[in-house]
Amino acid sequence: FKQFHVLVTGATSGIGIETGRVLALAGANVYLMGRSETKLRKVIEQMKKEFEEKNATGVGTIREVICDLNSLA
């Protein structure tokens, strides 16, 4: 089984969180992208806690990417 990498934008709310969660559970290396470092870290901590509580096996990695696509800088 090949490992795959996925970048999820808008990962601090709604469908972005759920998409990242499902892909990680499927074994993907997930990069959660958002503007707020604080919000992203909170989401990642919650996901990891959920995975531990479920004793999930075969879970991929979750990493944060801070990026504001509205900024031209």
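Helices are taken here as DSSP runs of H or I spanning at least four residues, and they are numbered from the N terminus; in the predicted model described below, Met47 belongs to one such element, helix α2. With a relative accessible area of 3%, Met47 falls under the 20% limit and is therefore classed as buried. Beyond the residues up to four places away in sequence, Met47 touches Ile17, Gly20, Arg21, Leu32 and Ile62. A further relation links Met47 to Ala24, since the two residues, although 23 residues apart in sequence, have C-alpha atoms 9.2 Å apart in space.

One of the partners of Met47, Arg21, is found in helix α1, which comprises residues 14-25. Arg21 has a relative accessible area of 17% and so is counted as buried, the limit being under 20%. The side chain of Arg21 takes part in a polar contact with the side chain of Glu18, at 2.7 Å, and in another with the side chain of Glu50, at 3.1 Å. When residues up to four places away in sequence are set aside, Arg21 touches Met47, Glu50, Phe51 and Lys54, so that Glu50 appears both among these contacts and as a polar partner of the Arg21 side chain.

Helix α2, which spans residues 37-53, also contains Glu52, and Glu53 is found in this helix as well. Glu52 has a relative accessible area of 61% and is exposed, because the value lies over 50%. Glu53, at 59% relative accessibility, likewise counts as exposed, whereas Met47, in helix α2, is buried. The C-alpha atoms of Glu52 and Val65 are separated by 23 Å, the two residues being 13 residues apart along the chain. For Glu53 and His5, which are 48 residues apart along the chain, the corresponding C-alpha separation is 24 Å.

Another partner of Met47, Ile62, lies in strand β3, formed by residues 62-66. Ile62 is buried, with a relative accessible area of 11%. Outside the range of four places in sequence, Ile62 touches Ala24, Val30, Leu32, Ile44, Met47, Lys48 and Phe51. Leu32 is thus listed among the contacts of Ile62 and also among those of Met47, while Phe51 is listed for Ile62 and for Arg21. Between Ile62 and Leu23, which lie 39 residues apart along the chain, the C-alpha atoms are separated by 9.6 Å.

Strand β2 is made up of residues 29-34 and includes Asn29. Of the 6 residues of β2, 5 are buried, so this strand is largely enclosed by the rest of the structure. Asn29 itself counts as buried, at 6% relative accessibility. The side chain of Asn29 makes a polar contact with the side chain of Thr61, at 2.8 Å. Apart from neighbours within four places in sequence, Asn29 is in contact with Gln3, Phe4, His5, Val6 and Thr61.

Strand β1, residues 5-8, runs parallel to β2, and the two strands are joined by 4 bridges. In this pairing, His5 has Asn29 as its bridge partner in β2, and His5 is also listed among the contacts of Asn29. The two faces of β1 are distinguished by their covering, with Val6 and Val8 on the covered face and His5 and Leu7 on the uncovered one. Val6, on the covered face of β1, is likewise among the residues in contact with Asn29.

The largest pocket of the model has a volume of about 200 Å³. This pocket is lined by 13 residues, of which Gly10, Met33, Gly34, Arg35 and Cys67 are the closest to its centre. By residue class, the lining of the largest pocket divides into 3 nonpolar, 7 polar and 3 charged residues.

Note on methods
Residues numbered from 1 in each chain as written. Predicted model: local features only at pLDDT ≥ 70, side-chain atom pairs only at ≥ 80, totals over all residues. Heavy atoms only, no water. 1 Å grid on protein atoms, 1.4 Å probe; cavity = no way out; pocket = protein on both sides within 12 Å on 5 of 7 lines; lining within 4 Å. Points joined across faces, edges and corners; volume = space filled by probe spheres on them. Nonpolar A, V, L, I, M, F, W, Y, C, P; charged D, E, K, R; others polar. Buried < 20%, exposed > 50% of the residue type's maximum accessible area, 1.4 Å probe, protein only. Polar contact = N/O pair within 3.5 Å; in protein donor to acceptor, adjacent residues only side chain to side chain. Contact = heavy atoms within 4.5 Å. Pairing = 2+ DSSP bridges.
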